[in-house]
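Visitor: Hi! Could you walk me through this one at a bench biochemist's pace?
Guide: Happy to. Let's put it on screen and begin with a term we'll need.

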Number of protein chains: 4
Amino acid sequence: MAIRLGENNYGKSHVRLLRVTRQEGRHDIKELTLAIQLEGGFEAAHTKGDNRKILPTDTMKNTVYALARQHSIEAVENFCLHLIEHFLTYNPQISRVKIEAAEDRWARLPLGGKPYPSAFTRAGEEKRTAMLSGTRKETTVRAGIKGLVVMKTSKSAFENFLKDPFTWLYAGNDVEFGSIWHGVREMLLETFAEHDSKSLQHTLYAMGEAVLKNFDNIREIHFSLPNKHFNLVDLAPLGMDNPGYVYLPTDEPHGLIEATVRKD
Amino acid sequence: MAIRLGENNYGKSHVRLLRVTRQEGRHDIKELTLAIQLEGGFEAAHTKGDNRKILPTDTMKNTVYALARQHSIEAVENFCLHLIEHFLTYNPQISRVKIEAAEDRWARLPLGGKPYPSAFTRAGEEKRTAMLSGTRKETTVRAGIKGLVVMKTSKSAFENFLKDPFTWLYAGNDVEFGSIWHGVREMLLETFAEHDSKSLQHTLYAMGEAVLKNFDNIREIHFSLPNKHFNLVDLAPLGMDNPGYVYLPTDEPHGLIEATVRKD
Amino acid sequence: MAIRLGENNYGKSHVRLLRVTRQEGRHDIKELTLAIQLEGGFEAAHTKGDNRKILPTDTMKNTVYALARQHSIEAVENFCLHLIEHFLTYNPQISRVKIEAAEDRWARLPLGGKPYPSAFTRAGEEKRTAMLSGTRKETTVRAGIKGLVVMKTSKSAFENFLKDPFTWLYAGNDVEFGSIWHGVREMLLETFAEHDSKSLQHTLYAMGEAVLKNFDNIREIHFSLPNKHFNLVDLAPLGMDNPGYVYLPTDEPHGLIEATVRKD
Amino acid sequence: MAIRLGENNYGKSHVRLLRVTRQEGRHDIKELTLAIQLEGGFEAAHTKGDNRKILPTDTMKNTVYALARQHSIEAVENFCLHLIEHFLTYNPQISRVKIEAAEDRWARLPLGGKPYPSAFTRAGEEKRTAMLSGTRKETTVRAGIKGLVVMKTSKSAFENFLKDPFTWLYAGNDVEFGSIWHGVREMLLETFAEHDSKSLQHTLYAMGEAVLKNFDNIREIHFSLPNKHFNLVDLAPLGMDNPGYVYLPTDEPHGLIEATVRKD
């Protein structure tokens, strides 16, 4: 019986960044939090304490800031593709780079009926997410939504609310990531609202089917939906009925429904 | 030297509630979390273990649900006024009722260009708050905003973002709480965006002055503003300048600026 | 009707610090998080944008680090007394300094039956706290405990657990803060365990009385106790009884009991 | 191109439980939080809204309480094995049951030098965890530790602290889960303290090797270690040196080191 090192990776998490693009009469901002993980030839660091092949995690962080200085950031997926290419190009010992990104979204303050050019408010808890995994052969790109909370009070066999996350896999990297993200989000919400639901499983399958039918370059979509309950309060001990008026929102216990819907 | 009981109060916190109002073709919802505290003649419970004057905290909770069954909830302040009146009317041993309320705001899903009648999404982290304190002689009403995050990238001597809370005191109880709340919020945001700021203290005073000048029935306004910093990343070690492009968002340490502005 | 600035203060929060004292064969560590607030002549900063009297919050932070470099930190209260004295001595425009401190406690790893000299583990969620408020005339010192969670399964009319905080006020500043803190903590726990409780109010008064009787230089003690419930699970629908075997721990709603016990 | 349902599962999360065992002169308590996930023949629920094969998540929750009523809970792993067996026995449509469990640990209050029989305090943030996955053919059992925070101030090339989680895989189910859990924990801490570390990778491999060498029925161990930094504060701008006295504890960004060490 031998003891040996198995799968291993390391990196830097919670790398935070605000990128400001200042044009005459209009500022644009983008706030990101990144986690970078590297796989590669790191066995000697573990077994012998030999750190020569270890790219310091502070260098990973500095690379993020340097690339953010050089490029304005439109879609977070494109920025991550740059980062992956950079790490693979300059570090032969690295075989795979994984990046998870979350965008904290900001909205312009609406003042006097129009958006203000340089004042912003946080656009809710909802985050746009991206998960990329790249080698020298190929890079897969997943996008997603985290923190989106929805509920409906009709067309449903249940009383509760759903809270993300959704993630989907693109068929390649040559994608208009920004506009598709907004399109998928709209399609998910529309199907959720309109679907005549027999169960959460039933609704999420319909949501997945709608996305896959309408977006050619999405190959699969994954749901992992906490299903938090609104329990109808029993008012009988107080001598009252309660025909759908008063509910107790609960966080625990909650259901959790997970599924992948994909194209063959 | 004698040992004696000083100020004391007790109650129920985190009482959660979803109220649904179902009309033909349109549902309305209101989600609240309440904390109720009672002051009164509770000395014997402490010193002798005599619980006869103690209103059980479960009864407080049930009272919330019973009143929510009987009344639809428009402004949270009016619902809290009902609760205070109820506790003072039926419990002579209670001298003061304090209620803190937070409303989790929901927005209708916008589908096909118009708001959907019975499907909703959480309207951000921002909460509408209310703090009432009532005796048999008078009741004071404070309203507020919690979780509102704002920043600006011009007209400012600093780079950072602010995160509530704001609270203000009404001159009485006969107030259109709902429309004033939205008006105050708009005025705070507008002044924040437009003010040529020398410091946070300077901006918050201007915000308070604007609210007090424009709303007759607001007597004072209080700010307690965490001031979180965006630190300009030093890219010189990487051989780059950074003229306001790349910032590090930080949560700690942060400034905290507190002030009350009031009418004499 | 005039609009004017009322009470105001500003400062730096979440200033974090690890102090290491390295002696031959033994290292000691102390981890603190501080919040400092200043009161004084800051009106012009608010009303005129004149910042000349504003001590920058970064200077407050640096003062913490400089004093921590110069003095080893025994009791957190003594370190805060130094800070207050420093700010009042060098800044005539400051009239009051308030400091809140929380100590994250570390314990030595117990290896081979004895404490290890330079390896540590976090000693639970429980924090030692201190709140000081100083002017040029006098400084009041409060100490406390935060994050202490206790429950008992006998000698109680209820099934639940308590979670701090406790705070107490010292009669002066010439106190052995460290040893008294441990003594008060022990007395609180002992009284909690032994007291034949008719209610939480009954128990907390007994705890306060025990502390005040046994510690001459404590003048008052304050409790603010969330009372979280263990609800007996109703197993009757499953055809089973449940004589005190299976409980559902809950976080919300919860009771909240607050009281001050003091010496006349 | 066909659209079809891929991997899917559903269940109940955050099922909380306190089990009290009352013996003459001594009470024992166990607090658990469980998440249960089922895999099986649930396709029709997704694609057709046919819920006949869906075991309601409330039934899962009730099963937890019923089994907890019938059996006292020693090791959490054994309780989860009972649950898995129950679900597989009574539900032919279920092919796999996954359970994740976390134990909130309580310690007896030490009063007058001995442990109190029926009063407890929370034993830190650290949790004992278990992850089981069972089919009709075999069940794998993993145990772990979550929330254990450690640091050392010597024998290290770095200044920082580590925060779990550790998980390990047992070679079978016939294991003294309780005593081994404590043994593994002790071995991990001892190796951490004693190891002359060239890097975190170096230390974690040594920790894994020690566990695998000393415990016959552990087949592999997995580490996922956030590495949070204590940054030496630069006091030079204040005219002071800082030879390892004053550090800034940070939460972000942080390193993350992951690896599996296993027996061949």
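Guide: Two strands pair if DSSP finds at least two bridges between them. One thing to keep in mind throughout is that this is a predicted model.

Visitor: Okay, so which strand of chain B does strand E10 of chain A join?
Guide: Strand E10 of chain A, residues 246-249, is joined to E1(B) by two bridges, and the strands run antiparallel.

Visitor: And which residue in E1(B) is the bridge partner of Tyr247(A)?
Guide: Leu18(B) is the bridge partner of Tyr247(A).

Visitor: Let's zoom out. How many residues does the contact take from chain B and from chain A?
Guide: Chain B puts in 57 residues, and chain A puts in 57 residues.

Visitor: What's the area buried between them?
Guide: About 5000 Å² is buried between chain B and chain A, with carbon and sulfur atoms giving 61% of that. On the chain B side, the residues that lose the most area to chain A are Arg69(B), Met151(B) and Thr153(B), which together make up 14% of what that side buries.

Visitor: Arg69(B) catches my eye. What does its side chain meet in chain A?
Guide: The side chain of Arg69(B) forms a salt bridge with that of Asp241(A), at 2.6 Å from N to O.

Visitor: How many salt bridges are there between chain B and chain A?
Guide: The count is four salt bridges. There are also 30 residue pairs in polar contact across the interface of chain B and chain A, with both residues at pLDDT 80 or more.

Visitor: Which element of chain B gives the most to the side that touches chain A?
Guide: That is E4(B), with eight residues. Other elements of chain B supply at least two residues each, including strand E1 (3-23), helix H2 (57-70) and helix H4 (177-194).

Visitor: How do the residues on that side divide into nonpolar, polar and charged?
Guide: The side of chain B that touches chain A has 32 nonpolar, 11 polar and 14 charged residues.

Visitor: Now symmetry. What turn lays chain B on chain A?
Guide: A turn of 180° with a shift of 0.0 Å along the axis does it, and the RMSD is 0.0 Å. The two copies are therefore related as by a two-fold rotation axis.

Visitor: Which C-alpha of chain B is nearest the axis?
Guide: The one of Gly124(B), 1.7 Å from the axis. The same surface also serves both copies, as 100% of the contact residues of chain B recur in chain A.

Visitor: Switching topic: where is Ile54(A) found?
Guide: Ile54(A) sits in the loop between helix H1 (43-47) and helix H2 (57-70) of chain A.

Visitor: And which residues does Ile54(A) touch?
Guide: Leaving aside residues up to four places away in sequence, Ile54(A) touches Tyr10(A), Phe42(A), Ala45(A) and, from chain D, Gln201(D). The C-alpha atoms of Ile54(A) and Ile94(A) are 9.4 Å apart, while the two residues are 40 residues apart along the chain.

Visitor: Backbone next. Is the peptide bond from Glu252(A) to Pro253(A) cis or trans?
Guide: That bond is cis, with omega near -10°. Pro253(A) is in the loop between E10 and strand E11 (254-263) of chain A. In chain D, the bond from Glu252(D) to Pro253(D) is cis too, with omega near -10°.

Visitor: Last one: is the phi of His14(C) positive or negative?
Guide: His14(C) has a positive phi of about 55°, although this residue is not a glycine. His14(C) lies in strand E1 of chain C, residues 3-23.

Terms used
Residues are numbered from 1 along each chain as its sequence is written. Chains are lettered from A and ligands numbered from 1 in the order in which they are written. This is a predicted model: local features need pLDDT of at least 70, side-chain atom pairs count only at pLDDT 80 or more; totals for chains, interfaces and linings use all residues. Side-chain values use heavy atoms; hydrogens and water are left out. Contact means heavy atoms within 4.5 Å. Buried area is the accessible area (1.4 Å probe) that two parts lose on being put together, summed over both. A polar contact is a pair of N or O atoms within 3.5 Å; within protein, one must be able to donate a hydrogen and the other to accept it, and residues adjacent in sequence count only if both atoms are side-chain atoms. Helices (H or I, at least four residues) and strands (E, at least two) are DSSP runs, numbered from the N terminus. Ala, Val, Leu, Ile, Met, Phe, Trp, Tyr, Cys and Pro count as nonpolar, Asp, Glu, Lys and Arg as charged, and the others, Gly among them, as polar. Copies are superposed by least squares on the C-alpha atoms of residues with pLDDT of at least 70 in both.
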